[in-house]
Amino acid sequence: MEEFYGRGIILADRDMVETNSDEILNGAEEEDVAFLVVGDPFGATTHTDLVLRAKEKGLDYKIIHNASIMNACGCCGLQLYNFGETVSFVLWTDTWKPDSYYDKIKSNRERKMHTLCLLDIKMKEQTIENLMKGRKIFEPPRFMTVKQASEQLLEIIENKRKEGDDSLALTEDTICVGLSRVGSDTQKIVCATLEEMTSIDLGEPLHSLIIPGEMHSLERDMLLQFVVSDKSRSILMSLST
(Lines give C-alpha, C1' and ligand atoms only; values in the text may rest on other atoms or scores of the structure.)
Protein backbone atom coordinates (compact mmCIF):
# COMPACT_ATOMS: atom_id res chain seq x y z
CA MET A 1 0.00 0.00 0.00
CA GLU A 2 2.86 2.36 0.74
CA GLU A 3 4.22 1.73 -2.73
CA PHE A 4 0.80 2.38 -4.28
CA TYR A 5 0.15 5.62 -2.37
CA GLY A 6 3.74 6.85 -2.48
CA ARG A 7 3.87 7.64 1.23
CA GLY A 8 4.23 5.98 4.61
CA ILE A 9 1.29 4.24 6.30
CA ILE A 10 0.75 3.90 10.04
CA LEU A 11 -1.52 1.07 11.19
CA ALA A 12 -4.02 2.74 13.53
CA ASP A 13 -5.53 0.11 15.81
CA ARG A 14 -8.54 0.75 18.02
CA ASP A 15 -6.42 1.75 21.00
CA MET A 16 -4.61 4.40 18.98
CA VAL A 17 -7.81 5.86 17.54
CA GLU A 18 -9.61 5.95 20.89
CA THR A 19 -6.81 7.10 23.20
CA ASN A 20 -4.14 8.67 20.99
CA SER A 21 -6.16 10.55 18.39
CA ASP A 22 -3.90 13.60 18.76
CA GLU A 23 -1.13 11.51 17.23
CA ILE A 24 -3.25 11.16 14.10
CA LEU A 25 -3.96 14.90 13.91
CA ASN A 26 -0.40 16.04 14.63
CA GLY A 27 1.05 17.93 11.69
CA ALA A 28 -2.30 18.34 9.93
CA GLU A 29 -1.86 22.13 10.03
CA GLU A 30 1.02 21.86 7.53
CA GLU A 31 0.11 18.84 5.41
CA ASP A 32 -2.78 16.57 4.51
CA VAL A 33 -3.46 13.61 6.79
CA ALA A 34 -5.68 10.78 5.53
CA PHE A 35 -7.42 8.39 7.93
CA LEU A 36 -8.51 5.24 6.05
CA VAL A 37 -11.15 2.94 7.50
CA VAL A 38 -13.05 -0.18 6.47
CA GLY A 39 -16.69 0.59 5.71
CA ASP A 40 -18.27 4.01 6.10
CA PRO A 41 -16.29 6.59 8.13
CA PHE A 42 -19.22 7.26 10.46
CA GLY A 43 -19.96 3.64 11.22
CA ALA A 44 -18.11 4.11 14.52
CA THR A 45 -18.55 6.82 17.17
CA THR A 46 -14.78 7.03 17.62
CA HIS A 47 -14.57 8.49 14.11
CA THR A 48 -17.14 11.15 15.01
CA ASP A 49 -14.96 12.02 18.00
CA LEU A 50 -11.99 12.42 15.65
CA VAL A 51 -13.92 15.01 13.62
CA LEU A 52 -14.80 16.94 16.78
CA ARG A 53 -11.15 16.97 17.85
CA ALA A 54 -10.15 18.27 14.42
CA LYS A 55 -12.72 21.05 14.74
CA GLU A 56 -11.36 21.96 18.18
CA LYS A 57 -7.92 22.35 16.63
CA GLY A 58 -9.31 24.52 13.83
CA LEU A 59 -8.48 21.92 11.20
CA ASP A 60 -10.39 21.62 7.95
CA TYR A 61 -11.58 18.13 7.09
CA LYS A 62 -13.22 16.30 4.21
CA ILE A 63 -15.25 13.09 4.39
CA ILE A 64 -15.24 10.54 1.56
CA HIS A 65 -18.08 8.10 2.17
CA ASN A 66 -17.90 4.41 1.45
CA ALA A 67 -20.08 1.33 1.34
CA SER A 68 -20.53 -0.61 4.56
CA ILE A 69 -22.36 -3.71 5.75
CA MET A 70 -25.06 -1.32 7.02
CA ASN A 71 -26.24 -0.85 3.44
CA ALA A 72 -24.52 -3.67 1.57
CA CYS A 73 -26.64 -6.16 3.54
CA GLY A 74 -29.41 -5.28 1.08
CA CYS A 75 -27.74 -7.70 -1.34
CA CYS A 76 -29.89 -10.47 0.14
CA GLY A 77 -33.06 -8.75 -1.07
CA LEU A 78 -34.39 -7.38 2.22
CA GLN A 79 -35.28 -3.70 1.86
CA LEU A 80 -33.09 -1.33 3.88
CA TYR A 81 -35.99 0.86 5.00
CA ASN A 82 -37.54 -2.19 6.71
CA PHE A 83 -34.59 -2.62 9.09
CA GLY A 84 -34.88 -1.69 12.75
CA GLU A 85 -32.12 -1.19 15.31
CA THR A 86 -28.83 -2.91 14.48
CA VAL A 87 -27.44 -5.19 17.19
CA SER A 88 -23.96 -6.43 18.05
CA PHE A 89 -23.17 -9.99 19.14
CA VAL A 90 -20.16 -10.74 21.35
CA LEU A 91 -18.27 -13.99 21.63
CA TRP A 92 -19.26 -15.67 24.89
CA THR A 93 -16.89 -17.11 27.44
CA ASP A 94 -17.57 -19.82 30.03
CA THR A 95 -18.30 -17.14 32.64
CA TRP A 96 -19.67 -14.26 30.55
CA LYS A 97 -22.75 -14.71 28.37
CA PRO A 98 -24.50 -11.38 27.79
CA ASP A 99 -27.81 -11.59 25.94
CA SER A 100 -29.13 -8.00 25.85
CA TYR A 101 -29.19 -8.09 22.04
CA TYR A 102 -32.07 -10.57 22.24
CA ASP A 103 -34.36 -7.86 23.63
CA LYS A 104 -33.51 -5.56 20.71
CA ILE A 105 -34.24 -8.32 18.21
CA LYS A 106 -37.56 -8.92 19.97
CA SER A 107 -38.41 -5.21 19.82
CA ASN A 108 -37.65 -5.11 16.09
CA ARG A 109 -39.76 -8.20 15.41
CA GLU A 110 -42.68 -6.77 17.40
CA ARG A 111 -42.51 -3.79 15.04
CA LYS A 112 -42.26 -6.21 12.08
CA MET A 113 -38.77 -4.97 11.20
CA HIS A 114 -35.61 -6.80 10.12
CA THR A 115 -32.55 -6.97 12.39
CA LEU A 116 -28.97 -6.76 11.16
CA CYS A 117 -26.66 -8.55 13.59
CA LEU A 118 -23.01 -7.47 13.56
CA LEU A 119 -20.75 -10.26 14.77
CA ASP A 120 -17.81 -9.91 17.13
CA ILE A 121 -14.23 -9.30 16.01
CA LYS A 122 -11.46 -9.91 18.52
CA MET A 123 -8.17 -8.17 17.73
CA LYS A 124 -5.11 -7.78 19.93
CA GLU A 125 -6.50 -9.98 22.70
CA GLN A 126 -4.18 -10.76 25.59
CA THR A 127 -4.22 -13.68 27.98
CA ILE A 128 -4.75 -12.78 31.64
CA GLU A 129 -1.15 -13.82 32.34
CA ASN A 130 0.32 -11.55 29.67
CA LEU A 131 -1.99 -8.72 30.69
CA MET A 132 -0.97 -8.95 34.36
CA LYS A 133 2.72 -9.10 33.48
CA GLY A 134 2.44 -6.17 31.08
CA ARG A 135 3.71 -8.20 28.14
CA LYS A 136 2.59 -6.94 24.74
CA ILE A 137 1.90 -10.45 23.45
CA PHE A 138 -1.37 -10.82 21.60
CA GLU A 139 -3.54 -13.79 20.71
CA PRO A 140 -4.41 -14.53 17.05
CA PRO A 141 -7.42 -12.58 15.72
CA ARG A 142 -10.84 -14.21 16.14
CA PHE A 143 -13.92 -13.56 14.01
CA MET A 144 -17.39 -14.64 15.10
CA THR A 145 -19.24 -16.83 12.60
CA VAL A 146 -22.93 -17.05 11.74
CA LYS A 147 -22.83 -20.59 13.12
CA GLN A 148 -21.61 -19.35 16.51
CA ALA A 149 -24.14 -16.50 16.59
CA SER A 150 -26.96 -18.94 15.83
CA GLU A 151 -25.81 -21.31 18.57
CA GLN A 152 -25.85 -18.46 21.07
CA LEU A 153 -29.36 -17.43 20.04
CA LEU A 154 -30.62 -20.99 20.47
CA GLU A 155 -29.13 -21.12 23.97
CA ILE A 156 -30.83 -17.83 24.84
CA ILE A 157 -34.15 -19.16 23.54
CA GLU A 158 -33.80 -22.29 25.65
CA ASN A 159 -33.00 -20.19 28.74
CA LYS A 160 -36.07 -18.03 28.10
CA ARG A 161 -38.22 -21.15 27.89
CA LYS A 162 -36.87 -22.38 31.24
CA GLU A 163 -37.75 -18.98 32.73
CA GLY A 164 -41.33 -19.45 31.54
CA ASP A 165 -41.26 -16.85 28.75
CA ASP A 166 -44.34 -17.51 26.63
CA SER A 167 -43.72 -14.71 24.12
CA LEU A 168 -40.45 -15.76 22.49
CA ALA A 169 -39.11 -13.48 19.76
CA LEU A 170 -37.51 -16.44 17.98
CA THR A 171 -37.77 -20.19 17.71
CA GLU A 172 -35.62 -22.88 16.15
CA ASP A 173 -37.71 -22.50 12.96
CA THR A 174 -37.29 -18.72 12.61
CA ILE A 175 -36.03 -17.85 9.13
CA CYS A 176 -32.60 -16.19 9.13
CA VAL A 177 -30.13 -14.93 6.54
CA GLY A 178 -26.40 -15.57 6.76
CA LEU A 179 -23.92 -13.36 4.90
CA SER A 180 -20.19 -13.72 4.44
CA ARG A 181 -17.51 -11.63 2.69
CA VAL A 182 -20.15 -9.25 1.30
CA GLY A 183 -18.89 -7.34 -1.72
CA SER A 184 -16.08 -9.75 -2.54
CA ASP A 185 -15.88 -12.25 -5.38
CA THR A 186 -16.49 -15.03 -2.85
CA GLN A 187 -19.56 -13.44 -1.27
CA LYS A 188 -22.00 -16.00 0.10
CA ILE A 189 -25.67 -15.67 1.11
CA VAL A 190 -27.81 -18.40 2.65
CA CYS A 191 -31.38 -18.44 3.92
CA ALA A 192 -32.20 -21.07 6.53
CA THR A 193 -33.93 -21.66 9.83
CA LEU A 194 -32.05 -20.63 12.96
CA GLU A 195 -31.45 -24.27 13.81
CA GLU A 196 -30.16 -25.03 10.31
CA MET A 197 -27.74 -22.09 10.59
CA THR A 198 -25.90 -23.89 13.39
CA SER A 199 -24.67 -26.50 10.92
CA ILE A 200 -23.82 -24.19 8.00
CA ASP A 201 -20.21 -23.20 7.31
CA LEU A 202 -20.05 -19.85 5.52
CA GLY A 203 -16.28 -19.97 5.22
CA GLU A 204 -13.82 -17.18 5.83
CA PRO A 205 -14.81 -13.96 7.64
CA LEU A 206 -16.39 -11.49 7.86
CA HIS A 207 -19.89 -12.81 8.69
CA SER A 208 -23.21 -11.10 9.44
CA LEU A 209 -26.60 -12.48 10.46
CA ILE A 210 -30.03 -11.05 9.63
CA ILE A 211 -33.26 -11.88 11.44
CA PRO A 212 -36.07 -10.87 9.05
CA GLY A 213 -39.29 -9.28 10.24
CA GLU A 214 -42.42 -9.04 8.14
CA MET A 215 -41.60 -9.41 4.45
CA HIS A 216 -43.04 -8.12 1.20
CA SER A 217 -43.48 -10.76 -1.49
CA LEU A 218 -40.51 -9.31 -3.41
CA GLU A 219 -38.29 -9.70 -0.37
CA ARG A 220 -39.50 -13.28 0.03
CA ASP A 221 -38.86 -14.04 -3.64
CA MET A 222 -35.27 -12.83 -3.30
CA LEU A 223 -34.65 -14.91 -0.19
CA LEU A 224 -36.04 -17.97 -1.97
CA GLN A 225 -32.97 -17.77 -4.23
CA PHE A 226 -30.77 -18.56 -1.22
CA VAL A 227 -32.72 -21.23 0.72
CA VAL A 228 -30.77 -24.30 1.78
CA SER A 229 -33.58 -26.82 2.33
CA ASP A 230 -37.16 -27.69 1.49
CA LYS A 231 -38.06 -26.95 5.10
CA SER A 232 -36.77 -23.37 5.02
CA ARG A 233 -38.39 -22.89 1.60
CA SER A 234 -41.76 -24.03 2.95
CA ILE A 235 -41.55 -21.78 6.01
CA LEU A 236 -40.46 -18.81 3.90
CA MET A 237 -43.33 -19.30 1.45
CA SER A 238 -45.80 -18.99 4.33
CA LEU A 239 -44.42 -15.71 5.70
CA SER A 240 -44.76 -12.86 3.18
CA THR A 241 -47.58 -10.31 3.30
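**Group meeting: a pocket, a helix and two cysteines**

N108 is buried, at 0% relative accessibility. That residue sits in helix α6. One caution before I go on: this is a predicted model.

So what does N108 touch, leaving out residues up to four places away in sequence? The contacts are G84, E85, M113, H114 and T115.

Helix α6 comes up again with α8. Helix α8 runs over residues 146-162, which is 17 residues. From first C-alpha to last, α8 reaches 25 Å. The expected value at 1.5 Å a residue is 24 Å, and the model is close to that.

Which residues of α8 are buried? They are V146, A149, S150, Q152, L153, L154, I156, I157 and K160. Look at the spacing as you read along. An α-helix has 3.6 residues a turn, so residues three or four places apart point the same way. What lies over the buried residues of α8? The cover includes α6 (100-110), β5 (175-180), α9 (194-197) and β7 (207-211). Just past the end of α8 comes G164, with a positive phi of about 85 degrees.

Next, the cysteines. How many disulfides does the structure hold? The count is 0. Take C75. Its sulfur is 5.8 Å from the closest cysteine sulfur, which belongs to C76. A disulfide needs the two sulfur atoms within 2.5 Å, so this pair is too far apart for a bond. Seen from the other side, C76 is in no disulfide either, and its nearest cysteine sulfur is that of C75. Are these two buried or exposed? C75 is partly exposed, at 24% relative accessibility. C76 is buried, at 0%.

Last topic, the second largest pocket. Its space comes to about 770 Å³. The lining has 25 residues, and the closest to the pocket centre are V33, A34, F35, Y61 and K62.

Which helices supply at least two lining residues each? Both α3 (21-25) and α4 (45-56) do. Helix α4 gives the most, with 4 residues.

And the chemistry of that lining? By class, 17 residues are nonpolar, 4 are polar and 4 are charged.

To recap. N108 is buried in the model. Helix α8 is close to its expected span. C75 and C76 are not bonded, because their sulfurs are 5.8 Å apart. The second largest pocket has 17 nonpolar residues in its lining. Questions, please.

Notes. Residues are numbered from 1 along each chain as its sequence is written. This is a predicted model: local features need pLDDT of at least 70, side-chain atom pairs count only at pLDDT 80 or more; totals for chains, interfaces and linings use all residues. Side-chain values use heavy atoms; hydrogens and water are left out. On a 1 Å grid over the protein atoms alone, a cavity is a set of points where a 1.4 Å probe fits but cannot get out, and a pocket is an open set with protein on both sides within 12 Å along at least five of seven lines; lining residues have an atom within 4 Å of a point. Grid points are joined across faces, edges and corners, and a volume is the space filled by probe spheres set on the points. Ala, Val, Leu, Ile, Met, Phe, Trp, Tyr, Cys and Pro count as nonpolar, Asp, Glu, Lys and Arg as charged, and the others, Gly among them, as polar. The expected span of a helix is 1.5 Å times one less than its number of residues. Buried means under 20% relative accessible area, exposed over 50%, partly exposed in between (1.4 Å probe, protein chains only). Contact means heavy atoms within 4.5 Å.
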